[in-house]
Each structure stands twice: as structure tokens, then as C-alpha cells.
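Colleague: Before I rely on the labels attached to this model, could you take me through the reasoning behind some of them?

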Amino acid sequence: MDAGSGSGDKAGFFTQGRRWLKALPVKFKANMVAMVRNIRKLGQDDPRRVIHSLKVGLALTLVSTFYYCQPLYSNFGVTAMWAIMTVVVVFEFSVGATLGKGLNRGMATLMAGGLGIGAHHLANLSGHIGEPILLGFFVFLQATISTFLRFFPKIKSRYDYGMLIFILTFSLISVSGYRDDEILEFAQKRLSTISIGGSACVIISTVVCPVWAGEDLHNLIALNIEKLGNSLEGFGDEYFKRTGGEESKDDKKFLEGYKSVLNSKNSEESLANFAAWEPGHGRFPFRHPWKLYLKVGTLARECAYRIEALNGCVNADIQASSEVGSIIQEACTNLSIESGKALKELALAIKKMVQPSSADSHIENAKSAAKNLKSLLKSGIWKDIDLLKVIPGVTVASILIDVVTCTEKIAESIHELASEAQFKSVEPTLSTEKLHSGQIQSVKSAQMVNCSHVVINVGESTLPSPPSESSSAPNASKQRMEV
């Protein structure tokens, strides 16, 4: 029995092995196809990634000539490796990030090299016994001070990489100088090769299909505000369909676009930091107010948190009754739509870099709807309705009122940005409908004026031409109103 069961187990093991071997090529093919699709998708999502990879390869190939070309290798020797290392660690996706790292590395190397040489000469004056003690003290002192300075937020955000290079270069030069007499030549070659590698990175990053961090930040802020506007515009219809017992069959993914805004803080801060290093380019001059973009982004996230609360009300198990929904539906829908339109107009103004005056009317409409909603909430129509049925609707109304306040703050910050960045002012253009409606309003307002005669001249574009000369006189007399 034991022998039979043992042979059966072996047969089963070999059978499973054969099946695994047969399935191996199929699995390998499937994995390769999936990998190719992922690579293609990654390149299609942002073609600049492919270009960046080619630029890094080009920079490494150029600095590698220090090894391939004998005259260059004779001058720099093995220290040419620092140029290759500089390209690897300095070349970043955007111009600002590359320029920031390059300047940090270059300035830190220069300062640390000078201080290292000075420390070496001071240590030489103390004699053979005191030299290693004094060098060790200098290394300890600069490493302690530099590491502590890295904890300051401003230094951490902009100069952290430079502080690391400063610690490394000072230690290398001061310590190696104890065994090597050619310390000045070593420092000069290190600085030269690092400058060559950093310059290659900056030139290629700036000249060959540049990626500007400032432009990415500008587009990101505009896109985030537009997503908030889309979410608010569609909220009213979606919520009151649920309240009325209807299920929405449409694709409502655009209503959840606010979720990406919640997690955009780190991206915005890093882009603003990189943009501060960039020179003037395109529509963005040097010293563009990038910090104001962070202010707008912070207010946009505050608005996104409130939209997330509204989205939670849409998916809540307990919904407002249809009676409560019918009371607040019009005011809530108008408020969300006008707030959404205001945010979309603000996003469009940022994209085009024009004054955001077109959003002011929508903000006023939203404030008017919020005022009406407050008056509804303060009225006594809720006395005869069950409190549990009122709470969900009142919660949504109060959050929407808060959203109007957030929208107004975003508009104020964008107005400040437009003023500091000197956005273009656009002359308002009126369509024929708006012009005609405006003339009707002017007629109504003219009737309220305390004067003897008011004459309104109507252009040919708004009134049809008279059929004959005889009818022109009566038509002209109709254009004169007496009060």
C-alpha cells in the first residue's frame, strides 16, 4: 500500500510538472504582452517621458567622451567619472529641477572645496601630531552644522541636495589631503568635471524639448479648479435624482474628479519649488509669483474636501425625503450650478492668463442662491416634518452654502494672482441676445427715471427695416416715450 501510494504521488508530481512546463510559454507570452501594453500606455499618457529618456542618454554619451578621447582623458584622468556621476544624479524631468540640482551641486562643490583646502592648510600648521586631530575636528564640526541646517524647512525644500554635496566634498578633500599632497589639483579636477557634467545637463534640458515646471504648475492648478467646477455642476441633478428615488444611469465619473485635487499638495509644492529656479520662458517671466499658485491650490483643496462631504451625502444610506427635497431643490441646484460655472470660468481665466472678471456674475448668482437657501432654512416650514427626514437635506444645504464661501475665496486669490502676474484684461463682448435683453432692461429702468422725456435709439440690427417711407414716421414716433 505504501509503495503504491508513493508511486502515485510521484506520478501526480510529474503530471503537474508537465502541465506547468506546458503553461509556461503561454504565461510568458501573456506577461510580455502586458508589459508592452504598459510601456505603450506610459509613453502615450505623457510623450515627454520618452523624450526625457532620450535626453538623458544623449547627455551621458557626450560626457563619456572624456574616457573615449585620449587628450581629454590625459587632462582629467579617472576624475572624469565625476562628470558621468553628475549627469546621472542631476538630470531631472523638468528644467527647474535640473537647474536647481545643478546649481546646488556646483555651488556646494565650490564652497566645500575652498573650505576643505583651507582646513587642510590650517591643519598643516599644527604639526604632524595635531594635523589628524584638527582635521577630524573640522569634519565633525561641518558635518554637525550642515546636518542641523538641513532641518530648516526652507533649506530642506531648496538646498537639501546642496547640503549633502557640501558634506561629501568637504570630507573627501580634507581627509584625502592628509595622504595626498596634490590636494589643490584634486579639488580643481573635481570642480571642473562636475561643472562640465552639470552644464551638459542644463544645456540639453533647456534646449532640447524643454519641460517647464512652472507651466506644469500653471496647468495643474487650472485643471484642478475645472474638476471642482464639473463636480459641482453635476451635483444638484445627481443628488435630487437619488432623493426622488431615481437611479442615474449616466457615467458620472467626472463628478469624482475632485478626488485628484485632494492629493495634489506634494505635486504643487515640488513644482513651485522647481519653477522658482527656472529663467523666464514663454508667458512666464522671471520671478513669476509662483507662491500665489500654492495659495490657490490650498483653497481649491479646501473646496474639494467640502465636495467630498457632498459626495458622501449622495451615497449615504439615509436620504432626505422627497418633501424636503422639493423645498430645497431649486435653491440647491442653482447654487451648485452657479458655483460650478464660476469655478470653470476661473479655470479658463488661468489657462488663458486673462483677468477673471467673467466669473463675477456667477459668483453673485451663487451668493444670491445661498441667501435664498438661508432664508428657507430659517423659515418655519420644517415644524410639521420629521426631524430625521430634514437633517440630510439641511446638511447638504449648509455644505453648499460653505462651498459658495470657498468659491469666493478662490476667486479673490485668483484676482490677486492675475494682478501680480499682470494677466491681460479682456474687453467684454455682448452677443445679440444679451444686447437685446440689455435694451429691454434699459427701457424698464428708464421708466423709473424722473424726467420729462427719454429717447431711446434702437440700431438696425435689433429692429427690421421699415417697409416703406410712409411707415417710417409712425415707427419713429413709437421710439419716443413720454413719461
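**How the labels are earned**

Modeller: Gladly, bearing in mind that the model is predicted. Thr86 is a good place to begin, since its relative accessible area of 1% makes it buried.

Colleague: Why is Thr86 called buried?

Modeller: The label applies under 20% relative accessible area, and Thr86 has 1%, so it is buried. Thr86 belongs to helix 5, residues 81-90, and, leaving aside residues up to four places away in sequence, Thr86 touches Phe91, Arg105, Ile194, Gly197, Gly198 and Cys201.

Colleague: Why does Phe137 count as partly exposed?

Modeller: Partly exposed covers the range between under 20% and over 50%, and Phe137 has a relative accessibility of 44%, so that is its class. Phe137 sits in helix 7, residues 127-149.

Colleague: What makes Phe137 part of a nonpolar patch on the surface?

Modeller: Patch members need over 30% relative accessible area, and Phe137 has 44%. Its partners in the patch include Phe140, Leu141 and Ile145, and the patch has about 840 Å² of accessible area together.

Colleague: How do you know that the buried residues of helix 2 are on the same side?

Modeller: The buried residues in helix 2 are His52, Lys55, Ala59 and Val63. They cover an arc of only 60° around the axis, and therefore lie on the same side of helix 2. These buried residues pack against helix 3, helix 5 and helix 10, whereas the face turned away from the buried side carries the exposed residues Leu54 and Thr61.

Notes:
Residues numbered from 1 in each chain as written. Predicted model: local features only at pLDDT ≥ 70, side-chain atom pairs only at ≥ 80, totals over all residues. Heavy atoms only, no water. Helix = DSSP H or I, 4+ residues; strand = E, 2+ residues; numbered from the N terminus. Buried < 20%, exposed > 50% of the residue type's maximum accessible area, 1.4 Å probe, protein only. Contact = heavy atoms within 4.5 Å. Patch = residues over 30% accessible without salt bridge, like charges linked within 9 Å, V, L, I, M, F, W, Y side chains within 5 Å. Areas by Shrake-Rupley, 256 points an atom, 1.4 Å probe, with all protein chains shown as cover. Salt bridge = Lys/Arg side-chain N within 4 Å of Asp/Glu carboxyl O. Arc of directions from axis to C-beta.
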